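Here is a short briefing on one protein structure. Look at the chain first, then follow the points below topic by topic.

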Amino acid sequence: MAFSKGRVAVAAAGGLLMLATGVGAAEAGTGASATPSFARQAESAHLTSAQTTALQADVNRYLKKMGGTQVALNKIDLDGKGEVLVALPGEARPRDFASGNGMRIAADPCLDVPGVSGNFCAYQRDNFGGSIIRMWQCNTKYYVSTWGSGGSWVNDQTRNLESRRARMYNPSGSMIYKTPRAYSSDAHGDWNPVRYVIPCG
């Protein structure tokens, strides 16, 4: 796989990045209908029953593969080592259900104020769209599964530190790409050859 000038082809023949910690407290099958606060978030955002069901199904897939705990209708806490924000099917970016204002787009620290978030952010789609996985724990593997074609990333970790270059590994465990130092990004990538990412180390 050829990588060029900050342009890592990183999308996924379906790829979810997942933390290598096993399935956490919130197991697949914990639906919004079973959690009153999540049901209220869906209602206040005027989601239809079909939208709520589809969103929860996506969240459940992430929970099953990544572990962690669902803390909002579309948000998963990866045991303090990162988080996932799941976009509503058909929408370009995740919404902010956690604050109670599910009508607006969620803040994105990697893009909104570059250079201060301390995160490596992986995006499901090109141009920093779709669901987002934020990683901030060094020496931790975040595994890739299926997202489909397209994808992008932002390295918004501590600037100019060699140790804050995310490394991407193929299924055999060989490193195939190392990002430039922060701040750097790639709006058009391909996660397909990448098995897991270690954001820093």
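**Helix α2**

α2 has 18 residues, and from its first C-alpha to its last the helix reaches 25 Å, close to the 26 Å expected at 1.5 Å a residue. Keep in mind that this is a predicted model. The points below start with this helix, then turn to the cores, the disulfides and two single residues.

- Many positions to find in α2 are buried: Thr52, Leu55, Gln56, Asp58, Val59, Asn60, Tyr62, Leu63 and Met66.
- An α-helix has 3.6 residues a turn, so residues three or four places apart point the same way.
- Gly67 follows α2, and the phi of Gly67 is positive, near 80°.

**Nonpolar cores**

- The largest nonpolar core has 29 residues. Those with the most contacts inside this core are Tyr62, Val84, Ile133, Met168, Trp191 and Val197.
- Four elements give two or more residues to this core: α1, α2, β5 and β6.
- Which element gives the largest share of this core? That is α2, with 5 residues.
- Take Val84 as one example from the core. Leaving aside residues up to four places away in sequence, Val84 touches Tyr62, Met66, Asn74, Lys75, Ile76, Leu78, Ile132 and Ile133.
- A second core is separate and has 7 residues. Among them are Cys121, Tyr123, Phe128 and Ala187.

**Disulfides**

- How many disulfides does a search of the whole structure find? It finds 2.
- A disulfide is a covalent bond between the sulfur atoms of two cysteines.
- One disulfide joins Cys110 to Cys121, with 2.0 Å from S to S. This link of Cys110 and Cys121 is right-handed, with 75° about the S-S bond.
- Cys110 lies in helix α3 (residues 109-112) and Cys121 lies in strand β5 (residues 119-125), so the bond ties together parts that are 11 residues apart in sequence.
- Are Cys110 and Cys121 buried or exposed? Both are buried.
- The other disulfide joins Cys138 to Cys200, also with 2.0 Å from S to S. The link of Cys138 and Cys200 is left-handed, with -110° about the S-S bond.
- Cys138 sits in the loop between β6 and β7, and Cys200 in the segment after β12, so this pair ties together parts that are 62 residues apart in sequence.
- Cys200 counts as buried because its relative accessibility is 1%, and the cut-off for buried is under 20%.
- Count the bonded cysteines along the chain, and the disulfides follow the pattern 1-2, 3-4.

**Two loop residues**

- Where is Thr35? Thr35 lies in the loop between β1 (17-19) and α1 (36-44).
- Thr35 has 18% relative accessibility, so Thr35 counts as buried.
- Thr35 and Ala72 are 37 residues apart in sequence, and their C-alpha atoms are 9.8 Å apart in space.
- Ala107 is also a loop residue, found between β4 (82-85) and α3.
- Ala107 has a relative accessible area of 54%, so Ala107 is exposed. The cut-off for exposed is over 50%.
- Ala107 and Pro94 are 13 residues apart along the chain, and 8.9 Å separates their C-alpha atoms.
- Which residues does Ala107 touch, not counting residues up to four places away in sequence? They are Asp112 and Arg134.

How values were computed
Residues numbered from 1 in each chain as written. Predicted model: local features only at pLDDT ≥ 70, side-chain atom pairs only at ≥ 80, totals over all residues. Heavy atoms only, no water. Disulfide = S-S within 2.5 Å. Buried < 20%, exposed > 50% of the residue type's maximum accessible area, 1.4 Å probe, protein only. Contact = heavy atoms within 4.5 Å. Core = buried A, V, L, I, M, F, W, Y, C linked by side-chain atoms within 4.5 Å. Expected span 1.5 Å × (residues − 1).
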